[in-house]
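Biologist: Hello! Could you show me how to read a protein model, one feature at a time?

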Amino acid sequence: MDGIVLLKEDHKTVEKLFKQFEKAGDDDHATKREIADQVIEELTTHAWIEEKIFYPAAREAAPDTKDHVLESVEEHHVVLWMLSELKGLDPADERFDAKMSVLMENVRHHVEEEEKEWFPDVRKAMGRNRLTELGERMEAAKKTAPADPLDVPSADK
């Protein structure tokens, strides 16, 4: 699978989870916990494969995307810390929904920038064969991604 297509599929998966969370009832804490746990897993894995494989390849193939990549890594840093806080937060806590709301805003902004502002440049610079090879590497790396958001490199910066 094409690496950019893989990342966009991940984006769609997370957006579906966000919509489920938004539809959950105010007091449906069990559902919210379950969805939040899925979001934590998906975003941790996604950030891991982007930082370990996609971003370095994008910077190499399309040097003009350097600033976008650096900004994305900083956005990951914020998101990963929020994920780590959500991981240990009781869904009945009054801050839980607010934290999820801010997380969703941040991730939606990040996705829009990636997909609209710099994925097209990376696609043009890399071509289909390189993106397919990258996609295969990222798919394989998902199996070894950490479960803890704070184990993703940008969380430590």
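Biologist: Let me start with one residue: is E22 buried, exposed or partly exposed?

Modeller: This is a predicted model, and E22 is partly exposed in it, because its relative accessible area is 43%, between the 20% and 50% cut-offs. You will find E22 in helix α1.

Biologist: Which residues does E22 touch, leaving out those up to four places away in sequence?

Modeller: E22 touches M104 and R108. For a sense of distance, take H110: E22 and H110 are 88 residues apart in sequence, and their C-alpha atoms are 19 Å apart in space.

Biologist: What about the inside? Which residues touch the most other members of the largest nonpolar core?

Modeller: The general idea is that nonpolar side chains tend to be buried together in soluble globular proteins. Here the largest nonpolar core has 45 residues, and V39, L43, F54 and L103 touch the most other members. Helices α1, α2, α3 and α4 each supply at least two residues of this core, with the largest share, 14 residues, coming from α4. Look at L43: beyond its neighbours within four places in sequence, its contacts are V14, F18, V79, L83, L103 and V107.

Biologist: Where does α2 bend?

Modeller: At E50, by about 45°. From first C-alpha to last, the 33 residues of α2 reach 45 Å, close to the expected 48 Å.

Biologist: And where in the chain is confidence lowest, and where highest?

Modeller: In general, coordinates should not be read in detail where pLDDT is low. In this chain the average is 96, and 99% of the residues score at least 70. Confidence is lowest in α3, with a mean of 95, and highest in α1, at 98.

Terms used
Residues are numbered from 1 along each chain as its sequence is written. This is a predicted model: local features need pLDDT of at least 70, side-chain atom pairs count only at pLDDT 80 or more; totals for chains, interfaces and linings use all residues. Side-chain values use heavy atoms; hydrogens and water are left out. A nonpolar core is a set of buried Ala, Val, Leu, Ile, Met, Phe, Trp, Tyr and Cys residues joined through side-chain atoms within 4.5 Å. Buried means under 20% relative accessible area, exposed over 50%, partly exposed in between (1.4 Å probe, protein chains only). Helices (H or I, at least four residues) and strands (E, at least two) are DSSP runs, numbered from the N terminus. Contact means heavy atoms within 4.5 Å. The expected span of a helix is 1.5 Å times one less than its number of residues. The bend at a residue is the angle between axes fitted to the seven residues ending there and the seven starting there. pLDDT is the predictor's confidence in each residue, from 0 to 100.
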